[in-house]
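Trainee: Could you take me through one part of this model closely, and then show me where that part sits in the rest of the chain? I would like one connected account rather than a list.

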Amino acid sequence: MKILERNNFHRLFDVLKESGFDIIGPTLQDQAIVYDHLEGVEDLPEGWTDEQAPGKYRVKKRNDKALFGYVVGPTSWKKFLYPPRQKLWSAQKAGSGFEVAAEEGVPQKMAFLGVRSCELAAIAVQDKIFCGGSFVDPHYKKRRENVFLAAVNCAEPKGTCFCVSMNTGPRALGGLDLSLTEMIEGERHYFFLRSGSAEGEKVLSRLPLKDAEGGQQKKEDALLEEARRHMGRAMDTRDIKRLLYDNPDHPQWDKAAERCLSCANCTMACPTCFCSTVEDVSDLTGEHAERWRKWDSCFSLEFSYIHGGNVRQSTKGRYRQWMTHKLASWQDQFGTSGCVGCGRCISWCPAGIDITEEVKAIRADQPARAESP
Amino acid sequence: MSVATKPKLAVYKFASCDGCQLSLLDCEDELLAVAGEVEIANFPEASRAVAPGPYDVSLVEGSITTAHDAERIQQVRKESRVVVTIGACATAGGIQALRNFKDVREFISLVYARPEYIQTLATSTAIADHIPVDFELRGCPINKYQLIELISALLRGRKPNIPKHSVCMECKFRGTVCMTVARGTMCLGPVTQAGCGAICPSFDRGCYGCFGPKETPNTSSLSAWLKDNGDKRPDELVRAFRGFNAWADAFRKESEAHE
């Protein structure tokens with residue numbers, strides 16, 4: 001473990017830029033902390049924090065100058081790895097046939113700065129979806145291969161966080177190139193740094209670092225232990241697959257559907273939701289055509305359209321599909337939960353529907369069950 | 001494609017402000033391409049030269065507010081292979097459908113010196129209430145890119161890419177922070193159909209619902225949330241849902257629920 005002083009923090013930006021990375025990280029925009037391109041330390045939301053509750057997010061000034069004193073906001077990294085709109089290929093009329101041109105652009109190397117542990121877990125989930133099976137998504141893979149992950153350990157969870165329940169935080173562990181813990185002790189402001197890869201080691205080697213002194217590890221442990229005990233929410237995940245599979249007709253689904261706007265905000269904000277639709281577009285002359293991939297959502301009616309009609313007509317059916325997939329059938333499909341406990345679906349639902357409360361309500365009236373063998 | 005085989009396009013106006021048909025003229029870069037692919041046969045706003053019907057595609061703007069128009073629209077249907085209604089007036093009755101909630105005779109007696117000269121229906125209604133319509137293009141005004149997309153799709157016989165989902169998805173696509181969540185701003189985005197590109201939220205305004213109700217709109221949930229968390233009074237909710245799409249079924253019912 002190494003120490004980087006706050007007044008040297010800009011060096012991290014310099015080194016990443018010199019290594020050819022486009023740095024993407026948290027910045028204050030439109031009264032929220034979003035992820036966008038960063039030029040330097042001054043673009044970070046220094047001295048800002050957030051407050052989160054179901055359907056509610058507010059930024060607030062802190063009484064210190066922390067650079068990472070907030071949790072996750074409306075954006076997730078999937079926007080950069082798996083863009084909302086992506087041209088897959090285009091075709092041009094040529095004689096009696098047509099010529100297809102693939103979109104071969106090489107994406108810029110990106111460094112994600114300030115990735116939280118829940119988000120590392122989400123990226124790992126999407127890696128599995130797009131690159132883990134027999135069909136690899138070339139568009140995702142090309143971007144993902146060029147990404148440097150600089151994680152930040154979460155010291156102050158907020159109202160809708162529940163990474164501890166999903167076993168994804170608050171400490172950033174595997175799947176990263178670099179991890180940081182921000183420490184503020186009175187006048188002293190510094191970062192603990194660790195590398196998690198050869199690339200991370202290279203970056204570290206170019207920074208003005210000091211060795212951490214004995215006992216400092218304990219300070220970091222204490223900070224993260226404190227965070228672990230202050231989760232805004234909790235979800236009891238015991239036997240959750242069976243709980244949801246056994247309850248497709250639970251009255252709670254109707255209650256959720258009464259509130260659910262089927263606006264798709266939860267799926268757009270979710271860092272693991274990966275559904276898309278494909279649109280074929282032709283121009284007025286019919287000489288040129290393009291195929292685009294766009295984010296879609298199981299909350300849109302069109303999403304479940306198959307020959308003859310839409311499979312999930314009711315909002316109840318759509319909400320149930322989303323939550324059951326996220327927490328239960330995702331496990332059958334990908335061997336992991338689709339939920340990482342980041343709380344975005346709770347905060348960014350304009351109706352304030354809380355997935356942890358929905359699970360609780362369904363669990364509440366279950367007969368006591370013998371422990372599964 | 002030779003001139004003789006070009007599909008014939010007509011543009012009709014009923015009770016409306018002309019904004020939607022002007023979207024066609026506003027296509028600037030694409031207008032020549034449109035003119036290259038279709039014969040603009042009947043478009044009085046653009047040219048006095050009118051070629052007789054029947055027409056392959058008729059774009060109909062405006063709502064039905066007079067007995068004369070109720071008859072005229074039947075003729076449009078008769079001479080058009082495909083009828084596309086464009087804009088909130090044609091698809092929902094428009095802002096003038098506010099009359100539907102009141103007694104129009106009272107307005108006439110207050111506004112006109114000689115009310116007996118005015119012949120009008122008690123309601124302003126969508127074209128689809130009078131004739132079968134093949135496609136409804138929403139918006140106040142319509143989005144010109146959606147219009148081009150629709151014309152391109154009709155020309156090639158493919159399905160137009162005109163989604164019916166919420167405006168919220170467009171905000172998320174463009175990275176606009178949700179104003180309802182981050183500021184408590186009243187926004188009709190979650191119940192409104194996409195198509196504008198989520199313009200208002202990107203300019204710090206909540207959605208006004210210009211594109212009308214989205215598929216399966218849960219207006220009562222949105223109202224409940226606005227009341228409880230946005231401190232909105234019933235009269236504010238009535239006004240929110242009584243805009244350009246006041247007479248669209250879902251918005252009409254929601255505004256009436258708060259009266």
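**A helix crossing and its chain**

Mentor: In chain A, the axes of helix H9 (residues 251-259) and helix H11 (residues 315-334) come within 8 Å and cross at roughly 110°. That angle makes H9(A) roughly perpendicular to H11(A). Keep in mind throughout that this is a predicted model.

Look next at the residues where the two helices meet. H9(A) contributes A:Trp253, A:Asp254, A:Ala256 and A:Ala257, and these meet A:Thr315, A:Lys316, A:Tyr319 and A:Arg320 of H11(A). Sorted by class, the residues of this contact are four nonpolar, one polar and three charged.

Now step back to the chain. Chain A has 13 helices and 16 strands. Its radius of gyration is 22 Å, and the globule rule gives 21 Å for 373 residues, so chain A is as compact as a globular protein of that length. Along the principal axes, the C-alpha atoms of chain A fill a box of roughly 70 × 65 × 40 Å.

The domain assignment divides chain A into domain 1 (2-228) and domain 2 (240-364). Between the C-alpha centres of these two domains of chain A there are 25 Å. Where the domains touch, 36 residues of domain 1 of chain A are in contact with 32 residues of domain 2 of chain A. On the domain 1 side, strand E5 (56-61), strand E6 (85-94), helix H3 (117-131) and helix H5 (163-166) of chain A each supply at least two residues. E6(A) has the largest share of that side, with nine residues. The classes on the same side of domain 1 of chain A are 19 nonpolar, 10 polar and seven charged residues.

E6(A) also belongs to a sheet. This is an open sheet of four strands in chain A, in the order E7-E6-E14-E13, and its pairing is antiparallel. Strand E7 (97-102) and strand E13 (276-282) of chain A are the edge strands, each of them pairing on one side only. On average, and with direction ignored, neighbouring strands here are turned by 20° against each other. In the middle of that order, seven antiparallel bridges link E6(A) with strand E14 (residues 288-295) of chain A. As an example, A:Lys87 has A:Trp292 of E14(A) opposite.

A general point helps when reading any sheet. Its strands pair through backbone hydrogen bonds, in either the parallel or the antiparallel sense.

Chain A has another open sheet, formed by eight strands in the order E3-E2-E8-E9-E10-E11-E1-E12, and this one has mixed pairing. At its edges stand E3 and strand E12 (210-211) of chain A; each has a single partner strand, so one side of each is left without a neighbour in the sheet.

Start at the E3 end. Strand E2 (residues 22-29) of chain A is joined by six bridges to strand E3 (residues 32-37) of chain A, and the two run antiparallel. A:Pro26 has A:Tyr35 in E3(A) as its bridge partner. E2(A) and E3(A) form a hairpin in which two residues lie between the strands, and A:Asp30 in the turn has a positive phi of about 50°. With strand E8 (residues 110-115) of chain A, E2(A) pairs in the parallel sense, over three bridges. There A:Asp22 is bridged to A:Met110 of E8(A).

At the E12 end, strand E1 (residues 2-5) of chain A pairs with E12(A) over two bridges, in the antiparallel sense. The bridge partner of A:Ile3 in E12(A) is A:Lys210. A helix also belongs in this picture: helix H1 (residues 10-18) of chain A lies across E1, E2, E8 and strand E9 (147-152) of chain A, and runs at about 135° to E2(A).

Last comes the neighbouring chain. Chain B has 35 residues in contact with 38 residues of chain A. On the chain B side, helix H2 (31-37), helix H6 (144-156), helix H7 (167-174), helix H8 (179-183) and helix H10 (219-229) of chain B each provide at least two residues. H6(B) gives the most, with five residues. By class, the side of chain B that touches chain A has 17 nonpolar, 10 polar and eight charged residues.

Notes
Residues numbered from 1 in each chain as written. Chains lettered and ligands numbered in written order. Predicted model: local features only at pLDDT ≥ 70, side-chain atom pairs only at ≥ 80, totals over all residues. Contact = placed C-beta atoms within 7 Å. Nonpolar A, V, L, I, M, F, W, Y, C, P; charged D, E, K, R; others polar. Axes fitted to C-alpha atoms, helices over the stretch in contact; angles between N-to-C directions. Parallel < 35°, antiparallel > 145°, perpendicular 65-115°, else oblique. Domains from an automatic or database assignment. Pairing = 2+ DSSP bridges. Rg over C-alpha atoms; globule rule 2.2 N^0.38 Å.
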